[in-house]
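Visitor: Hi, could you walk me through a couple of features in this model? I'd like to look at a sheet and then some helix packing.

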Amino acid sequence: MNTRLSKATILAAILIFVPILAQSAAQDPIEENRALVNQYCVLCHTPNGLAQATGLFFDQVDIATLSDHPETAETVIRKLRAGLMPPYPFPRPEEEKIEELIAWMENEVDSKAETFLPPPGLHRLNRTEYTNAIRDMLALTIDANTFLPPDDSSHGFDNMAGTLTSSPALMEAYLSAAGKISRLAIGTETAPTLAVFDVPVDTSQNTHIEGLPFGTRGGMLIEHEFPADGEYVFTVKGMTGYFTRVLGNVAGEKLEVTIDGERMYLYDWDEEIGNQESNGGRTPAIPIKAGFHKVGITFIATSDLPDVGLNKSFVRTMNSPGSISGYTFYPHVGQVFIEGPHNGTPAINTQSRDKIFECIPQNVGQEANCASQIITTLVGKAFRRPVADADVAVMMDFYRIGREEGGSFDYGIEGALQRILVDPEFIYRAEIEPAGAPDNSPYQISDLELASRLSFFLWSSIPDEELIEIATQGRLHDSEVLREQVQRMIADPRSSAFVENFTGQWLNVRGMAASEPIVDLFPDFDSTLRDAFQTEIEMFFGSVINEDRSILDLLTADYTFVNERLAKHYGIPDVYGSQFRRVELEDDLDMRRGLLGKGALLTITSDAARTSPVKRGKWYLETFMGVSPPDPPPGVETDLTPKEGAAPTTLRARLEAHRSNPVCASCHTIFEPMGIALENFNAVGEWRTIDNGNPVDPTGFAPDGSRLEGVKTLRELTVRHGDQFAEVVTEKLLTYALGRGVEYQDMPMLRSITRSAEDDDFRFSSLVMGVIRSPAFTMNLKTSSL
């Protein structure tokens, strides 16, 4: 016999017995809170209750000893803070009583907590950190993605020490990369190579591309490291799309090739590229000096034909190629090849050589001393500490081997550099336990270790000379010195790596690269819009950092950053050109305020063909409230595709199945209303009031009983739980900074950081300084020597 009670029966029982259970408790806070839990929680949180899937049973846990079960306590605290329990439509205590319960529980847990300092272990540089370290060490621009395999992620980030493991194949990749990079840096890479650059297939090239000369349109901007002085040949191919011939029905187009803004060659498109009998768009050999250059491949904007036909072109121009009658289609660049160097000679004057060769020996007798000087500097940067004589001696052996085999001083430095780049002290971040510290006792990490933690947190790169010098002097742990260095580092352009990597992973903006809305349904979605979405998020988050605004402005800010393409998508008038600029969001654009109105986040939380209130609701809980709903049980039908022949309905109508099925409803009622509140945004973040011919209904009830009527009320709900949002942001900052997941043992410290920042209105500087000054960031635990 099935004795499990239905939801309706339980609800009726609660309503009947609330007066009985609500008898006044003693003034003892334990008794008061026990009565509160018994009244509002126990009937569901039992082995046979509606919340049995949570595994949290209050009939088996005495609240008086909840602090002895901190993992359980933290789960309860977070859900209470997020307003998820008790969920609507079950009765809830007054908000004041909930706040009192939360405060009591947090105090009970915090009063018995000990500082949690798990061993940091070896922390390998990920691909982003490797790329930036090479840039700052050698003034050399590389893409580590071409040398190293993808990094695994955990806890939402790809800089987690526990997932950055090693393997023989990976070590082979590091060795190969070191050889290639050392040749590029020294300028001895003279053999011709072929670099290929593809334009996205969903490109639109009818307008100017930022970074290319004014008076041009379309094409692509390439940042390329030319390995040696010599002659290079460029080959440009036109976009063909799904056809075999080059597309475009506008004649007379001219395409220029520029190096750092200076024209190197001008194509006649019709004769050299568009004509299938041409040489394939191959330039004559062009002399180019070694080093980093910006290559522009772009059309001269000699005409701007208005789109006056009855058949209007899509913004995604590849959807209306010139073969279709009535459409105007400008030619598009599809692919660029850079071949060379031909007749190459070793580079002499490059940014990288200027950085490396701080001395030039005038004769053989000066070479050893000069090599030692150069190697000492390189080792100091790579190892992120003062250099010992033994370090230099090891590298000098490799210098001598390279000097002998290559026959010149430069080849000797190349050999030493290659050895430095495969050294474990460069590839890994290791922290050494002090010999005199007692076993199982906390200790303060060294100033040099703190310098590395700071630089990889804020720059995703190695410390600079100033940071190393202060650390060597033993002054970095000084509170005022530390604050000044953090301010300097945030103001440095290298902090853009923090903005890009943190937002790219916490908000999953990186996921935009894989977002492919169905073309037939969203014909204007293209790579230009995809890139604009990402830029908007990065500039918006960067403004909070650079202006030291409250982190709550991420929810409510009445401004954003757009260019013409994004402004058109949002319906913002009078914005022209490819350059991004700050715009104020008046009342008629209220829906775009804060993160909840950003197109990037609304697109990556949708399916390719439609919105997904389930995805959006779960994303909202995870991103803003720090709560992860469980996955659906095995065997549950999740496909909401309309049945063939069925009458058109809104997605909301099809979601009613979740509320009518008790198995689904117990979880979906917690997060789905927040996703439904965003239904006025379609799958690519455009505002709408009609879905499938029916009016959009974004209304519902949040778990705390608040009525939701769309994005504005959802934003207001989030602001009411602003302290919880601030704690979630702090948790993500701490995770990213430490390179490990935040565990329940960290929560007392996390609350301390957030509470201190609340006194300063949750300003970004308060949160980041709280993270940096925390024991988790500045201390380690001495493990047992046994």
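**Strands first, then helices**

Guide: Happy to. Let's begin with one bridge: Tyr 232 has Ile 286 of E7 as its bridge partner. Keep in mind that this is a predicted model.

Visitor: How many bridges join E4 to E7, then?

Guide: Three bridges link E7 with strand E4, residues 229-238, and the two run antiparallel.

Visitor: And what is the strand order in the sheet?

Guide: The order is E2-E9-E4-E7, an open sheet of four strands with antiparallel pairing. Strands E2 (193-198) and E7 (286-288) are at the edges with a single partner strand each, so each has one side without a neighbour in the sheet.

Visitor: What does the twist average?

Guide: From one strand to the next, the twist averages 30°.

Visitor: OK, switching to helices. At what angle do H4 and H26 pack?

Guide: Helix H4 (residues 95-111) packs on helix H26 (residues 747-758) at about 120°, and their axes are 9 Å apart. That angle makes H4 oblique to H26.

Visitor: Is the crossing left-handed or right-handed?

Guide: H4 and H26 cross in a left-handed way.

Visitor: Which residues make the contact?

Guide: H4 contributes Glu 106, Val 109 and Asp 110, while Pro 748, Arg 751 and Arg 755 come from H26.

Visitor: How many of those are nonpolar, polar or charged?

Guide: In the contact of H4 with H26, four residues are charged and two are nonpolar, with no polar ones.

Technical notes. Residues are numbered from 1 along each chain as its sequence is written. This is a predicted model: local features need pLDDT of at least 70, side-chain atom pairs count only at pLDDT 80 or more; totals for chains, interfaces and linings use all residues. Side-chain values use heavy atoms; hydrogens and water are left out. Two strands pair if DSSP finds at least two bridges between them. Axes are lines fitted to C-alpha atoms, for helices over the stretch in contact, and angles run from 0 to 180 degrees between N-to-C directions. Angles under 35 degrees count as roughly parallel, over 145 as roughly antiparallel, 65 to 115 as roughly perpendicular and the rest as oblique. A crossing is left-handed if the near helix is turned anticlockwise from the far one by less than a right angle, and right-handed if clockwise. Contact means heavy atoms within 4.5 Å. Ala, Val, Leu, Ile, Met, Phe, Trp, Tyr, Cys and Pro count as nonpolar, Asp, Glu, Lys and Arg as charged, and the others, Gly among them, as polar.
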